[in-house]
Amino acid sequence: MSLTIETRDGQTQFRPGELIEGAAHWNIAGAIKSVEVRLFWHTRGKGTEDVHLVESFPFANPQPEEARPFQFRAPEAPYSFSGKLISVIWGLELVAAPGSDSACV
């Protein structure tokens with residue numbers, strides 16, 4: 001199974017309200033039920049780490065090998081930051097089912 005995700009022009013920083021665009025690529029042997037890109041944020045640091053799914057972008061009728069565009073609108077909050085005790089980090093994840101593989105950016 002091969003999963004890759006990339007943003008337009010390799011952009012990795014976005015302002016609130018800005019359009020996040022990119023492409024998802026996959027090559028999966030065998031049956032495929034679903035493929036989606038997820039926009040999420042998570043905390044890292046001391047204490048309990050949290051993960052919050054903000055939005056998902058499912059692809060209709062995915063084929064075993066494809067490349068498809070996606071887009072999200074960057075939410076207003078929370079802002080990314082890295083502090084002494086905790087960090088808030090945003091990410092994009094490509095997941096396919098069945099299976100446990102994923103790709104992140």
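Is glycine 17 buried, partly exposed or exposed? Glycine 17 is partly exposed, with a relative accessible area of 25%. Let us start our tour from there, keeping in mind that this is a predicted model.

**Two glycines to begin with**

Glycine 17 sits in the loop between β1 and β2. Although glycine 17 and arginine 73 are 56 residues apart along the chain, their C-alpha atoms are separated by 5.6 Å. Leaving out residues up to four places away in sequence, glycine 17 touches Arg73, Ala74, Pro75 and Glu76.

Glycine 22 is found in strand β2. Here the relative accessible area is 14%, and glycine 22 is buried; the cut-off for that word is under 20%. Its contacts beyond four places in sequence are Glu6, Thr7, Arg8, Arg68, Pro69 and Phe70. Glycine 22 and phenylalanine 59 are 37 residues apart in sequence, and from C-alpha to C-alpha they are 13 Å apart in space.

**Arginine 68 and its surroundings**

One of the residues that glycine 22 touches, Arg68, deserves a stop of its own. Arginine 68 belongs to strand β5 and is buried, with a relative accessible area of 18%. What does its side chain reach at 3.1 Å? That partner is the backbone oxygen of asparagine 61. A polar atom of the arginine 68 side chain also lies 2.8 Å from the backbone oxygen of alanine 60. With neighbours within four places in sequence set aside, arginine 68 is in contact with Gly22, Ala23, Ala24, Trp26, Phe59, Ala60, Asn61, Pro62 and Gln63.

**The nonpolar core**

In soluble globular proteins, nonpolar side chains tend to be buried together. In this model, the largest nonpolar core has 18 residues. Those with the most contacts inside this core are Trp26, Val35, Val37, Phe59, Leu92 and Leu94. Five strands are listed as giving two or more residues to it: β1 (2–7), β2 (19–27), β3 (34–45), β5 (65–73) and β7 (86–97).

Leucine 92 shows what one member of the core meets. Not counting neighbours within four places in sequence, leucine 92 is in contact with Ile5, Thr7, Ile20, Val37, Arg38, Leu39, Phe40, Phe70, Phe72, Ala103, Cys104 and Val105.

**Salt bridges**

How many salt bridges does the structure hold? There are four, and the table shows some of them.

| Side chains | N to O distance |
|---|---|
| Glutamate 21 and arginine 8 | 3.2 Å |
| Arginine 38 and glutamate 36 | 2.6 Å |
| Glutamate 93 and arginine 38 | 3.9 Å |

Take the pair of glutamate 21 and arginine 8, whose side chains meet in a salt bridge. Glutamate 21 lies in strand β2 and arginine 8 in the loop between β1 and β2, so the pair ties together parts that are 13 residues apart in sequence. Glutamate 21 is partly exposed, at 26% relative accessible area. Arginine 8 also counts as partly exposed, at 40% relative accessibility.

The pair of glutamate 93 and arginine 38 forms another salt bridge. This pair links distant parts of the chain, with glutamate 93 in strand β7 and arginine 38 in strand β3, 55 residues apart. Salt bridges with shared partners join Glu36, Arg38 and Glu93 into one network.

Which members of this network are buried, and which are partly exposed? Arginine 38 is partly exposed, with a relative accessible area of 28%. Glutamate 36 is buried, with a relative accessible area of 18%, and glutamate 93 is buried at 18% as well. Arginine 38 also appears among the contacts of leucine 92 described above.

**A patch on the surface**

Our last stop is a nonpolar patch on the surface. Which residues make this patch of about 270 Å²? They are Phe81, Leu85 and Ile86. Phenylalanine 81 has its place in strand β6 (residues 81–82) and is partly exposed, with a relative accessible area of 42%.

How values were computed. Residues numbered from 1 in each chain as written. Predicted model: local features only at pLDDT ≥ 70, side-chain atom pairs only at ≥ 80, totals over all residues. Heavy atoms only, no water. Core = buried A, V, L, I, M, F, W, Y, C linked by side-chain atoms within 4.5 Å. Buried < 20%, exposed > 50% of the residue type's maximum accessible area, 1.4 Å probe, protein only. Helix = DSSP H or I, 4+ residues; strand = E, 2+ residues; numbered from the N terminus. Contact = heavy atoms within 4.5 Å. Polar contact = N/O pair within 3.5 Å; in protein donor to acceptor, adjacent residues only side chain to side chain. Patch = residues over 30% accessible without salt bridge, like charges linked within 9 Å, V, L, I, M, F, W, Y side chains within 5 Å. Areas by Shrake-Rupley, 256 points an atom, 1.4 Å probe, with all protein chains shown as cover.
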